[in-house]
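Reader: I should like to work through a protein structure step by step. May I put my questions to you in turn?

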Amino acid sequence: MEPTTGATNVTEFIIAGLFRDAGVQRACFVLFLPVYLATLAGNGLIVLTVSVSEGLRSPIESLRSPMYFFLGYLSLVEICYSSTVVPKFIADLLTKMKTISFEGCVAQIFFFHLFGVAEILLLVVMAYDRYVAICKPLHYTTIMSCQLCHMLVAGSWLGGFFHSLIQILVTIPLPFCGPNVIDYYFCDLQPLFKLACSDTFVEGVTVLANSGLIALCSFLILLCSYVVILVSLRNHSAEGRSKALSTCASHITVVLLFFGPAIFLYMRPSSTFTGDKLVAVFYTVITPMLNPIIYTLRNAEVKIAMRKVWSAKKSGMG
């Protein structure tokens, strides 16, 4: 008979990882460590630039400054999101036995989902900012006030917190009394549910609905926002269209990089294929590194502000 209580005898889990071969794992270590360091450096530089540069800091002083205000918080979330998984993942590549405590596993799931949903909601907020800037330019500074900007950021963090709290409250009561090998490279809900000593159909549907509802609604809002923006650009001048499309292109690229792999993984039947794990590596390791590159390469104002920050820093050191 299947256990019905939440008694948990398992105190730690073994992480299967990406590959079994030690040589391949060492090669992955050499590849992913610079990627993670680049993630910290790139996103950290954007956070520093937005924080230090007065021209980008206040949502009132500059017409476009709320975009940079949100970009700074998006980069901060990217650092947190990546750091939830990647440091341990990289360290495990050099160890033969990859273990994590039950408490550590639950904590990793909590923060991974918190920062993941916070990022989704921030992308929605940034789309709303672009919608107001392009479709209602005369009312932009009135609508996107400093107070509203802070409320939208706080709402993104709170949304991530409550989403993650629900996931954890569903997971903790499950009994884990036998197998303890997680067939993944970090702790996530679906691989963990496979180890439970009871039927997890209801719990699986609950967490999938919780994640799927947020992702689907957010994606539809993003899609509708950019459809409206693209339609409204027909009434703008050629120069205005070019400038708006350049800004929106960066944001759309980041949205596709985030949602594309996630949709591929969660909208198909569960699998143990290494390919699925590699897709997950893309959005947990690679995407956070690409985002600052995408935003800075296509944005002259960010690059100019970064140069000013570095020039000021060198002058101060001199």
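Author: Let us begin with a term: a nonpolar core is a set of buried Ala, Val, Leu, Ile, Met, Phe, Trp, Tyr and Cys residues joined through side-chain atoms within 4.5 Å. Please keep in mind that this is a predicted model.

Reader: How many residues does the largest nonpolar core have?

Author: In general, nonpolar side chains tend to be buried together in soluble globular proteins. In this model, F13, F32, F176, I182 and Y185 have the most contacts inside the largest core. The number of residues in that core is 84.

Reader: Which helix gives the largest share of this core?

Author: The largest share amounts to 18 residues. These residues come from a helix that spans residues 102-135, namely α4.

Reader: Is α4 largely enclosed or largely open, and how many of its residues are buried?

Author: A residue counts as buried under 20% relative accessible area. Helix α4 has 34 residues, and it is largely enclosed by the rest of the structure because most of them pass that test. The number of buried residues in α4 is 25.

Reader: What distance does α4 reach from its first C-alpha to its last?

Author: At 1.5 Å a residue, a span of 50 Å is expected for the 34 residues of this helix. The model comes close to that expectation, with a reach of 49 Å.

Reader: In what order do the elements of the protein chain run?

Author: The chain contains eleven helices and three strands. Read from the N terminus on, the order is β-α-α-α-β-α-α-α-β-α-α-α-α-α.

Reader: What percentage of contacts between residues at least 6 apart in sequence join residues at least 24 apart?

Author: One example of residues far apart in sequence is F13, which is in contact with K98, F176 and L195, among others. For the protein chain as a whole, the share of such contacts that join residues at least 24 apart is 79%.

Reader: How far apart in space are F258 and I120, C-alpha to C-alpha?

Author: F258 lies in helix α9 and counts as buried, because its relative accessibility is 8%. Its contacts beyond its sequence neighbours are Y81, G116, E119, I120 and L123. Although F258 and I120 are 138 residues apart in sequence, their C-alpha atoms are separated by 8.4 Å.

Reader: By what distance are the C-alpha atoms of V153 and F69 separated?

Author: V153 belongs to helix α6, and a relative accessibility of 5% makes this residue buried. Beyond its sequence neighbours, V153 is in contact with F69, F70, Y73 and L122. V153 and F69 are 84 residues apart along the chain, yet the distance between their C-alpha atoms is 9.4 Å.

Reader: Does F162 count as buried or as partly exposed?

Author: F162 also has its place in helix α6. Together with L158, F161, L165 and L169, F162 forms a nonpolar patch on the surface, with about 470 Å² of accessible area. Since the relative accessibility of F162 is 49%, this residue counts as partly exposed.

Reader: Which residue forms a salt bridge with K88?

Author: Side chains of opposite charge can pair when their charged atoms come close. K88 and its partner are four residues apart in helix α3, and therefore about one helical turn separates them. K88 is partly exposed at 26% relative accessibility, whereas the partner is buried at 8%. The closest N and O atoms of the pair are 3.2 Å apart, and the partner is D92.

Reader: How many residues apart in sequence are the parts that D183 and K277 tie together?

Author: The side chains of D183 and K277 meet in a salt bridge with an N to O distance of 2.9 Å. D183 lies in the loop between β3 and α7 and K277 in helix α10, so the pair ties together parts whose separation in sequence is 94 residues.

Reader: How many salt bridges does a search of the whole structure find?

Author: Besides the pairs already discussed, the side chains of R130 and D129 meet in a salt bridge at 2.9 Å, N to O. Both R130 and D129 are buried. The search of the whole structure gives a total of three.

Note on methods. Residues are numbered from 1 along each chain as its sequence is written. This is a predicted model: local features need pLDDT of at least 70, side-chain atom pairs count only at pLDDT 80 or more; totals for chains, interfaces and linings use all residues. Side-chain values use heavy atoms; hydrogens and water are left out. Helices (H or I, at least four residues) and strands (E, at least two) are DSSP runs, numbered from the N terminus. Contact means heavy atoms within 4.5 Å. Buried means under 20% relative accessible area, exposed over 50%, partly exposed in between (1.4 Å probe, protein chains only). Patches are made of residues with over 30% relative accessible area and no salt bridge: like charges are joined within 9 Å, nonpolar side chains (Val, Leu, Ile, Met, Phe, Trp, Tyr) within 5 Å. Accessible areas come from the Shrake-Rupley method with a 1.4 Å probe; for residues, only the protein chains shown count as cover. A salt bridge is a side-chain nitrogen of Lys or Arg within 4 Å of a carboxyl oxygen of Asp or Glu. The expected span of a helix is 1.5 Å times one less than its number of residues. Lists of a residue's contacts leave out its neighbours within four places in sequence.
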